[in-house]
Structure formats: C-alpha cells, structure tokens
Amino acid sequence: MEAFNGLLSTSSSTIAITSSICVLYLLYHAVIAVYRLQFHPLSKFPGPRFAAVSRIPLTWAVFRGKSYDYTDRVHERYGPIVRVAPTELTIRTSAAWKDIYTHRPQIQKESANQTQPVNRAQSLLTADEQDHPRQRRILSHAFSDKAIREQERLIQPYFDLLVSRVRRDAERRPGNKVNMSKWFNYITLDVMGDLSFGESFHLLENDEDNQWVTDLFLHTRYGHVTANLSSFPLLHWIVKSIFLKLGAAKRGPIARFVADRIARRAALGAERPDFMHYQINRISEKDATRDDEGLTRAEVATNAIALIMAGSKLPGIVLTASVYYTLQRPEIYQKLCDEVRTNFHSEQDINFASTTDLKYVLAILNEAMRLHHPTPAHLARITPPSGHTVDGHWIPGNTTIGMQMNAANRCSDNFVEPLAFLPERWLPDCDSRFSKDNKEVFQPFSAGPRNCIGQRLGYAEMRVVIARMIWNFDLELGADKGNINYTENRRAWIMYEDKALMVKVTPRAMAA
Ligand code: HEM
C-alpha cells in the first residue's frame with residue numbers, strides 16, 4: 001500500500017511538473033506573440049496577424065512552392081510594404097531598388113534561407129561582402145561585350161541543333177506537337193554546360209535528361225526548403241536528419257562531377273573563349289583571402305554550378321512563357337512573325353548583333369518576364385544593425401527585407417492593365433495609354449553590384465532562339481490540358497518547376 005501511495009505521489013508530481021512546463025512554454029509564446037504584435041519595431045507595418053507572430057505561414061508557403069503566391073496575396077490585401085514574417089518585410093515600390101540594392105555601402109544578402117553550395121565554397125550567389133567583389137571582378141570579364149561576341153561562335157551550333165531537333169520531334173509526334181519547354185531547357189542547359197565545362201550535357205543530341213542536372217536542381221530545391229526551416233530548430237533538426245543521408249548521397253556525386261569536369265576543362269588550357277578562359281590563370285591552390293586576386297579551385301567549381309543553375313532554367317522559363325503568351329493572341333503572334341521574317345534575308349543572318357534591332361521580340365521577352373518572372377521569390381537583404389530607410393520607411397536593424405518582383409510587376413499601382421499581356425508597353429514609341437506605367441519598377445535582372453551577371457548573354461540567347469523558331473516554324477498552341485492557364489498556379493522553389501507546354505510545330509516551306 002505504501003509503495004502504491006509512493007507511486008501515486010511520484011506520478012502526480014510528474015504530472016504537476018509537466019503541466020507547469022507546458023504552462024510556462026505557452027506563457028512564453030503568448031508573451032512573445034503579444035510583443036511581436038504590439039511592441040516589436042515592425043508592428044507598425046501591415047500584414048496578417050499570424051505572420052507577425054510566427055514564421056509558420058511563410059515557411060509553409062515555401063514548403064508548398066507557393067511563397068510568391070502567399071506574399072503577392074499579402075501585398076494585394078495590405079499594400080506596398082508588408083510584414084510577411086515576424087522579422088521580415090517585402091516591398092513592391094520602385095524606390096526599393098535604389099534604397100536596398102544600389103545603395104552604398106551595400107545592404108547585405110540574407111543568407112540564412114539560401115541553399116548551401118555542395119562543396120561548401122561560396123559562389124557569386126551566396127558569397128558575403130568580403131568574397132563577392134573579388135569573385136565578381138574576375139567573372140565579369142566572362143560577360144563583357146567582347147567575351148559574349150567570342151562565345152557566340154561556341155553557342156551557334158546549339159541554335160542549329162535546336163532547330164533540327166524540334167523539326168525532327170514535330171515530324172515524329174502525333175499532331176506535330178512538341179514540348180517546347182523541354183527543348184528550351186535543353187538548349188539553355190547545353191549552352192551553359194559548354195561555356196562552364198567546355199562540353200555540353202548532350203541533351204539536344206540525345207533527347208534525354210541528364211541525371212547530374214536533375215540531381216542538382218533537386219538538391220537545390222531541398223536545400224532551399226530545409227534552410228527555410230531554420231527558424232524552427234527542432235523541425236529543422238528532424239528534417240535535416242531525415243534528409244541528411246539523402247542529401248549527402250546526392251551532394252558527393254554532384255561535387256565530384258563538377259570537380260572532374262573543371263579539371264578536364266582546365267587541362268585544355270586558356271585558349272577556348274568560354275567562362276573558364278577568364279578564370280584559368282587566376283586559380284590559386286591556396287585559400288583565397290580578402291586581398292587575394294585569385295579564385296580557389298573550389299570557388300571555380302561552385303561558380304560553375306551557380307552559372308549553370310541561373311543561366312539555364314531562367315531563360316528557359318522566359319522563352320516558354322513568351323511562346324505561351326504570344327500564341328494566345330493571334331495579332332501579337334502575327335506582329336512577331338512580321339518582324340522576324342522581314343528583317344533577315346536568310347537564317348544565317350540571325351545572330352546576337354542582328355537581333356538587337358528586333359524591338360518587338362525584346363518587348364515580348366520583357367512582357368513575359370513582367371507577368372511571369374522565372375524566379376518569383378523576393379530578393380532578400382538584411383538591414384545593417386543601425387537600421388536603414390527604405391522608400392521613406394525606417395526599418396530597424398537586422399530586418400530581412402526584399403523586393404517582391406512578382407507583386408511589383410503585376411500590380412495596378414505600377415502597370416496599366418497589369419494582368420494583360422501587352423508587349424506594346426515596352427516599345428520605344430508606345431501608346432499614351434501606357435504613360436502611367438511605372439517602368440522603373442521593372443528590373444527583372446535586379447540592380448546594383450549583385451544584379452544578374454548574365455543579363456546581356458541571357459537576352460542575346462533568348463532573342464536568337466525566338467527569332468530562329470519563328471523563322472523556321474509556324475507555331476500554334478495545342479489544346480492540351482496542361483496548356484490551359486499554363487502560367488497560373490505553378491509551384492516555385494527559387495524558380496518555377498518544369499511544366500510541359502505542347503506546341504504544334506509546322507516547318508515553313510520558305511525557311512532556308
Ligand atoms: C531570363 C534570364 C535571367 C533572369 C531573369 C535572371 C535574373 C537574375 C536575378 C533577379 C538575379 C539577382 C539575384 C539576387 O539578388 O538574389 C540574378 C543573379 C545572377 N544571375 Fe541571372 N538571370 C537570368 C539569366 C542569367 C544567365 C544567362 C546567367 C549566366 C550565364 C545568370 C547568372 C547569374 C548570376 C551568377 C547571378 C549572381 C550575381 C551576383 O550575385 O554577383 N543569370 N539573375
């Protein structure tokens with residue numbers, strides 16, 4: 001009996017201790033919630049109350065690939081600058097470009113939610129303020145006008161291959177329907193493989209995905225989601241433990257493949273005018289320091305991955321969206337055909353330089369990027385400890401703030417008929433109905449010292465691909481289910497995931 005009483009009193013004291021811990025835990029979170037809602041320096045910014053208290057809504061949206069959709073809806077409801085998490089704001093006004101991205105001294109990139117590089121060396125995308133300027137100085141030579149002119153010689157065969165593969169695919173498929181998204185991904189990946197490694201992934205040739213490329217993008221997606229869980233230490237630890245093995249299993253082969261390709265390319269010497277041409281004599285075997293003007297071998301490898309990732313899928317998505325929007329509107333498609341088919345005497349005349357005059361092609365690409373920017377996430381930066389003013393708002397130190405490009409580009413504060421595909425708004429002598437467009441807000445390649453290094457190469461490649469397609473083929477949007485609202489309701493982890501776009505392709509008799 002005594003033993004039983006002892007057990008009873010031990011278990012009731014255990015229950016009492018557990019209950020007290022639970023009450024204290026809840027109390028702690030209640031106090032935090034009240035603080036974040038009422039007294040936190042960000043409490044003056046509008047946004048959902050749950051988002052002000054916890055990062056759960058934003059993290060859940062990231063997990064589902066819908067963070068852009070979530071932040072867009074918050075902007076729609078609460079205005080141009082909103083609180084999307086307890087210490088995180090997003091903004092959609094043009095002043096943000098000047099105040100956040102081109103401001104000197106630089107506002108630092110937020111790193112907590114970024115995918116960490118496979119070989120632990122930081123690339124342009126992830127390097128901090130000490131390493132980034134050194135890397136950028138070296139790599140920017142690979143993106144000068146002269147470099148791009150020389151690279152064109154290497155890229156030209158891929159344009160030819162694209163045309164022949166699309167033609168062959170159309171001939172073989174019922175209804176001449178080809179998945180345009182796949183072909184655009186293949187050419188942009190092959191080009192990036194060639195310029196980064198000196199050899200392509202042979203996707204166009206083999207008409208087959210490459211396992212390394214697939215693993216790389218999967219790894220990036222998991223890395224992005226896992227990094228976003230860092231505000232929830234327990235969950236972060238559980239997910240990391242579960243995926244650690246899986247992640248490690250992928251990370252090793254990805255890192256080995258790229259190291260091997262870099263070594264093979266380096267063995268060819270500096271002559272080939274690709275990206276490595278500008279790095280090969282700058283490789284130092286010792287660790288680079290702040291004063292060092294070189295790159296380590298690991299940095300060359302990690303930058304090759306960054307360039308392949310940024311330089312392939314993004315133009316691929318823009319090309320596919322451009323074709324999708326254009327084919328929905330016969331009058332736009334006709335104007336595009338008129339421009340391309342009357343500007344050249346032969347297909348051989350279509351190149352980087354000659355396509356700079358194609359104003360309508362450029363207008364289509366810009367309008368597609370406005371409506372469907374390939375990387376719809378906000379470009380997160382973190383304010384210095386002393387705080388910072390953005391568009392007249394005082395933002396306290398250590399706040400994450402980013403331009404939500406998707407919301408900015410698609411809102412009626414910034415554009416007339418914001419959801420309509422109207423390339424005309426980008427023409428130099430555009431109609432007065434677009435005079436209220438806030439064109440400054442449209443910076444699809446970001447701004448300042450961390451803007452897109454590949455902007456000119458990306459535009460040149462996209463112009464030629466569109467021109468070569470229109471020169472060679474008549475295109476029609478297939479009535480396939482996936483083509484309906486192709487750009488709506490997509491999932492994005494850093495960039496949109498792949499989705500097929502079926503296009504009926506008829507070779508033109510006149511093309512030669
Ligand atoms: C339609 C095509 C493209 C779009 C819309 C695009 C967009 C962007 C944006 C918005 C950023 C800024 C990211 C940030 O601040 O976090 C960026 C950075 C970058 N992009 Fe692009 N990009 C495109 C094509 C390319 C191409 C073709 C390449 C390479 C060949 C490239 C390489 C890079 C790199 C390396 C960075 C990081 C630059 C740095 O931090 O110094 N991108 N891009």
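Start by selecting Arg 381: an N or O atom in its side chain sits 2.9 Å from an oxygen atom of the ligand, a polar contact (a pair of N or O atoms within 3.5 Å). This is a predicted model, where local features need pLDDT of at least 70 and side-chain atom pairs count only at pLDDT 80 or more, while totals for chains, interfaces and linings use all residues. Residues are numbered from 1 along each chain as its sequence is written, and side-chain values use heavy atoms, with hydrogens and water left out.

Next, pick His 132, whose side chain places an N or O atom 2.6 Å from an oxygen atom of the ligand. Add Arg 136, where a polar side-chain atom lies 2.7 Å from a ligand oxygen.

Now show the shell around the ligand, taking residues with a heavy atom within 4 Å of it. The shell holds 28 residues, and those coming nearest are Lys 109, His 132, Arg 136, Arg 381 and Cys 452. Colour by type and you will find 17 nonpolar, seven polar and four charged residues.

Which element gives the most to the shell? Select α12 (297-328): this helix supplies six residues. At least two each also come from α6 (132-140), β7 (379-382) and α16 (455-472).

Zoom in on the iron atom of the ligand. Its only protein donor is Cys 452, through SG at 2.3 Å; donors are N, O and S atoms within 2.8 Å of the metal (3.2 Å for Na, K and Ca). Cys 452 lies in the loop between α15 (405-409) and α16.

Finish on α6, where His 132 and Arg 136 are among the buried residues (under 20% relative accessible area, 1.4 Å probe, protein chains only). Their neighbours Arg 134, Gln 135, Ile 138 and Leu 139 in α6 are buried too. Display β6 (295-296) and α12 to see part of what covers the buried residues of α6.

Conventions. A polar contact is a pair of N or O atoms within 3.5 Å; within protein, one must be able to donate a hydrogen and the other to accept it, and residues adjacent in sequence count only if both atoms are side-chain atoms. Helices (H or I, at least four residues) and strands (E, at least two) are DSSP runs, numbered from the N terminus. Ala, Val, Leu, Ile, Met, Phe, Trp, Tyr, Cys and Pro count as nonpolar, Asp, Glu, Lys and Arg as charged, and the others, Gly among them, as polar. Buried means under 20% relative accessible area, exposed over 50%, partly exposed in between (1.4 Å probe, protein chains only). Contact means heavy atoms within 4.5 Å.
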